[in-house]
Amino acid sequence: MALRTLTSKKTLALALGGVRPLVARGVATFTLPDLPYDYGALEPAISGEIMRLHHQKHHATYVTNYNKALEQLDAAVSKGDASSVVQLQGAIKFNGGGHVNHSIFWKNLKPISEGGGEPPHGKLGWAIDEDFGSFEKLIKKMNAEGAAVQGSGWVWLALDKEAKKLSVETTANQDPLVTKGANLVPLLGIDVWEHAYYLQYKNVRPDYLNNIWKVVNWKYAGEEYENVTA
Amino acid sequence: MLLPTRGLPAAPSLSPASPPPSLPALRRRRPNPSRRSSKVVSYYALTTPPYKPEALEPYMSKRTVELHWGKHQQDYVDGLNKQLATSPFYGYTLEELVKEAYNNGNPLPEYNNAAQVWNHHFFWESMQPDGGGSPEGGVLRQIEKDFGSFFNFREEFVRSALSLLGSGWVWLVLKRNEKKLAVVRTRNAISPLAAGDIPIISLDLWEHAYYLDYKDDRRAYVSNFMDHLVSWNSVTLRMMRAEAFVNLGEPNIPEF
Ligand SMILES: [Fe+2]
Ligand SMILES: [Fe+2]
């Protein structure tokens, strides 16, 4: 994740093109990560237009508003303005969650030509069989739970890092997976906000969910699994 | 009509459209051959917006209305009817059903579909071709009384719509107890009916409501709704009806 703690006015001036010096206390700012593939590289599963808007508009807005909220939080804390601190939590959770979730989501996808959609091998593959019965059953479960999310949200393949057990979870809006349990680590998150599929799939969310598996980066999920369970 | 409503005429009201299948006596008394072949018995029908699907262009495209009404709202109607085949809720008006199924904040399974059917019906009737602008007469005076000015009301409505996090609705409601108009936001399917508020305007802020026409630009969608779509005619009628339940103070005696 792109976190930079800006420590001098000079770096900040460079980073922001010479605007506001807010860094005296080292306020962290987040930046929009680059996609590891071209916008059109996931077609036909996800259109280039969706990917471009999703990254350049939606994710970028979460980053901007997250930084804005953190800046306001910093000011409120230093002023001892307790009610503002509390009031900012909603914006921080929403925009910070939006940034965290999308940063994972981009890594969860991969063009077919680079191995996207290839089912997991190794330890994660075994764990999926163990915890869900089979890979197909996991996909069926995630499709069903993702389709049933009311409004906007996410469906996750989660790993409990203490129990070393996999589970399928859903979160509302931009709540990150950790809100469902402090031990849960996201291996794979699928965005089921309408902006993630509407231009291509319209109201048919189940079709989007069926097709996204063709471009899922199971290699990333497998590496995460091995890192956490090692 | 744009799309077939499963062989049923669009109901003029939101009352139950037919008896449940669990009442064979009733069914025998009212045979309906057109329904015999269909598995889904409709209790509530998809109501039709009071204008053609292209009538809101260019501010809301025909394609958006067709999908939003013919697919999204239809899905909520179908989902609700499917649930009602095996649920105790029979004989309620849709409004009563929405209030009952809310179950004091612990929504029953029917709530989501019931509220969304109601919300969408109310949404279509919150708009009209060549709508927007500002109201006149008693509605304007009430808005000025409760928000300071029409400009303030518009600002608050837009600001509220832009700060909704996720899917949901923004409403102008008449608060029963406070006896005043207010802008409120609700999440996902939640309806202000449950809080006892009387809805006056609704604006759908799910992304499906504007994504094809405006992409991520919710501000443009909300502004166009206020400037070109909102039906002050509907608002006037709704306010008149609401005044049967809420005393808004001295009647405005027209001057001659
Ligand atoms: Fe998204
Ligand atoms: Fe809608």
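Buried here means under 20% relative accessible area. Keep that cut-off in mind for the views below, which all come from a predicted model.

**View 1. A:His195, a buried iron ligand.** A:His195 has a relative accessibility of just 1%, so this residue counts as buried. Its NE2 atom is one of the donors to the iron ion (ligand 1).

**View 2. A:Asp191, buried as well.** Here the relative accessibility is 0%, which means that A:Asp191 counts as buried. A:Asp191 holds on to the iron ion (ligand 1) through OD.

**View 3. The whole iron site.** Let's put the pieces together. The iron ion (ligand 1) is coordinated by A:His54, A:His102 and A:His195, each using NE2, and by A:Asp191, using OD. The distances run from 1.9 to 2.1 Å. The angles among the four donor atoms go from 90 to 141°, and the site is irregular. Why isn't it called tetrahedral? For that label, all angles must lie between 85 and 135 degrees, and the range here reaches 141°, so the site misses out.

**View 4. Where the donors sit along the chain.** Reading along the sequence, the donor residues of the iron ion (ligand 1) follow the spacing H-x47-H-x88-D-x3-H.

**View 5. The fold around the site.** Step back and chain A shows nine helices and five strands. Starting at the N terminus, the elements go β-α-β-α-α-α-α-α-β-β-β-α-α-α. Chain A has 230 residues, and 49% of them count as buried. Among its contacts with a separation of 6 or more, 65% link residues 24 or more positions apart.

**View 6. The outside of chain A.** The accessible surface is about 10,800 Å², with 53% belonging to carbon and sulfur atoms.

How values were computed: Residues numbered from 1 in each chain as written. Chains lettered and ligands numbered in written order. Predicted model: local features only at pLDDT ≥ 70, side-chain atom pairs only at ≥ 80, totals over all residues. Heavy atoms only, no water. Donors = N, O, S within 2.8 Å, 3.2 Å for Na, K, Ca; no water. Tetrahedral: all angles 85-135°; square planar, octahedral: opposite > 155°, others 65-115°. Buried < 20%, exposed > 50% of the residue type's maximum accessible area, 1.4 Å probe, protein only. Helix = DSSP H or I, 4+ residues; strand = E, 2+ residues; numbered from the N terminus. Contact = heavy atoms within 4.5 Å. Areas by Shrake-Rupley, 256 points an atom, 1.4 Å probe, with all protein chains shown as cover.
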